[in-house]
Amino acid sequence: MNKGMSEIVKTICRIVSPFILIFGISIVIYGHLTPGGGFPGGVVIASAFVINLLAYGREKVLLKLSLNKSDILHDIGAILFLLVALTGFIEGIFFLNIFDKGKLFSLWSGGNLIFSNIAIGLKVGTSLFLGITLLSMARIFYKKDKIEYFEKEEDIK
Amino acid sequence: MVINLGFHIFLLSLMCIGSIIAVASRKLISSLVSLGTVGMLLSIYFLILGAPDIAITQLVVEILTLIILLSAITGRDVTADMSSSKLYRFLFIIIFIVSLITFFTYSNFIFPEFGKPDMHVGKEYLYLAPEKLKAANAVTAIVLDFRGYDTIGEATVIFTAIIGVMVLLRKKGKKDE
Amino acid sequence: MIIYIIISIMFLIGIYGMMVKKNIIKIIIGMNIIGYAVNLFFVVLGYRNEGIQPILVPGIDIKEFVEKAVNPLPQALVLTSIVIDLSTICFLAALSIRIYEKYGTFDLEKIRRLKG
């Protein structure tokens, strides 16, 4: 994963991945009208970044979205979901839906469903991107001559 | 569109054959490929059963699973599978036969009838979601509003697993300093 | 009835993969197949013959929608379970990378013998 793939794969992944990102955001935001929601939208957003990781290599993708930024973003997603749940305390019960319910089949409907969907989508997407990037980095730290075979038992303790 | 029972049985037996190949194959690469086949067939089957959100989730999660398992395999020993022990294989055959005999004889008591669900709670949720919440998607309304307390727990589990990955793959541990 | 028995056969194939095999990657694949079988069992429990999906479209009356739709409650339970299984596999892959770095092999017999 260091030097990337051939030119055809690089060009197609560069063209297609913004459309995948916008498709994932559309699944998240319209989660209360069409099939979808926070969890499917989150994994689609994660896969829009992973496709660039596979085609270009680890260093080029980390220039766009570094590990520290995605670490902060998935913390913000978790805290935002708890904040939406805590607004129910204004009326007295935890997790009560106090926003205006709007009209059926329009964008603003369902109370606090939109904010919960956005928080969950942000959290799941950045978490999975972080996990997969860390797994791909582990091949470089551990070179082949650091592995000790089991003839020498006292080195393993 | 009327779907016979035979079509359901055909798709399910394809999935069983794929999973047998995935578990018992000798090379690791071919078992990963057939695991991908099982996942894609499962996504099509979820769409036939009337669950479109789950079909989207299963399709993308299957591809990400293949990427994760491939990144754990490449560069390491990838060739042959090792031999398995005789004691556990004998124990497994006993468990298999006993389970199948139990399921066949008591199948009327254990499993409900296929195609006629009793929806005591589901009917209430299907009625309440467009009336009180004014949300058209009943599944999202159940996950985030009627059963929202479970979603907090599940979000915590995902969060903890990723923090576990970050701790495991650190560059310098405590003993190196 | 026979549909549930085929799903339980798939579950038993996953248990075969976890009990009998000695490679760590095969054990992870067996756990994945157990996850597939359990999620499938839940969604099949809520299926109605010639039913429609539980999402309201602007042409259907609500009374008819309640009579004809499939059960939405098992779908809501399975939706988060799939993403949790993905995170578990991510964690197990990181663990197996660490095991390979320390012992040099994926074989469970050789790792068990070195407890020293």
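Start by selecting helix α2 of chain B, residues 28-48, together with α2 of chain C, residues 24-45. Leu28(B), Ser31(B), Leu35(B), Val38(B), Leu42(B) and Phe46(B) on one helix meet Ile25(C), Ile29(C), Asn32(C), Tyr36(C), Leu40(C) and Val43(C) on the other. Being in contact here is about C-beta atoms placed from the backbone, which must lie within 7 Å. Helices are DSSP runs of H or I with at least four residues, strands are runs of E with at least two, and both are numbered from the N terminus.

Before you go on, know that this is a predicted model: local features need pLDDT of at least 70, side-chain atom pairs count only at pLDDT 80 or more, and totals for chains, interfaces and linings use all residues. Residues are numbered from 1 along each chain as its sequence is written, while chains are lettered from A and ligands numbered from 1 in the order in which they are written.

Keep the two helices on screen and look along them. The axes of α2(B) and α2(C) come within 11 Å and cross at roughly 10°, which makes the pair roughly parallel. Axes are lines fitted to C-alpha atoms, for helices over the stretch in contact, and angles run from 0 to 180 degrees between N-to-C directions. Angles under 35 degrees count as roughly parallel, over 145 as roughly antiparallel, 65 to 115 as roughly perpendicular, and the rest as oblique. Now colour the contact by class: 10 residues are nonpolar, 2 are polar and none is charged. For that colouring, Ala, Val, Leu, Ile, Met, Phe, Trp, Tyr, Cys and Pro are nonpolar, Asp, Glu, Lys and Arg are charged, and the others, Gly among them, are polar.

Leave α2(C) selected and add α1 of chain B, residues 5-24. These two pack at an angle of about 160°, with their axes 9 Å apart, so α1(B) is roughly antiparallel to α2(C). The crossing is left-handed, meaning that the near helix is turned anticlockwise from the far one by less than a right angle (clockwise would be right-handed). Pick out Ser19(B), Ala22(B) and Val23(B) on α1(B), then Lys26(C), Ile29(C), Gly30(C) and Ile33(C) on α2(C), to see the contact. It splits into 4 nonpolar, 2 polar and 1 charged.

Next, bring up α8 of chain B, residues 148-168, with α4(C). Their axes are 9 Å apart at an angle of about 15°, so this pair is roughly parallel, and its crossing is left-handed. On the α8(B) side, the contact includes Glu154(B), Ile158(B) and Leu168(B); on the α4(C) side, look for residues including Thr80(C), Phe91(C) and Arg98(C). By class, this contact has 12 nonpolar, 5 polar and 2 charged residues.

How far does α4(C) reach from its first C-alpha to its last? Its 31 residues reach 46 Å, close to the 45 Å expected at 1.5 Å a residue. The expected span is 1.5 Å times one less than the number of residues. Step past the end of the helix to Gly104(C), where phi is positive, near 90°. For another such glycine, select α3 of chain B, residues 52-73, and go just beyond it to Gly75(B), with a positive phi of about 90°.

Now zoom out to see chains B and C together. In total, 72 residues of chain C are in contact with 74 residues of chain B. On the chain C side, α4(C) gives the largest share, 22 residues. That side has 49 nonpolar, 16 polar and 7 charged residues.

Swing round to chain A, where 41 of its residues meet 34 residues of chain B. Select α2 (38-56), α4 (67-86) and α5 (113-141) of chain A, the elements that give two or more residues to that side. The largest share, 16 residues, comes from α5(A).

Finish by colouring by pLDDT, the predictor's confidence in each residue, from 0 to 100. Chain C averages 90, and among its elements α2(C) has the highest mean, 94, and α5(C) the lowest, 78. Chain A averages 84. Over residues 147-157 of chain A, pLDDT stays under 50. Where pLDDT is low, the predicted coordinates should not be read in detail. For the complex, the predictor gives an ipTM of 0.91 and a pTM of 0.89.

Definitions and conventions. Contact = placed C-beta atoms within 7 Å.
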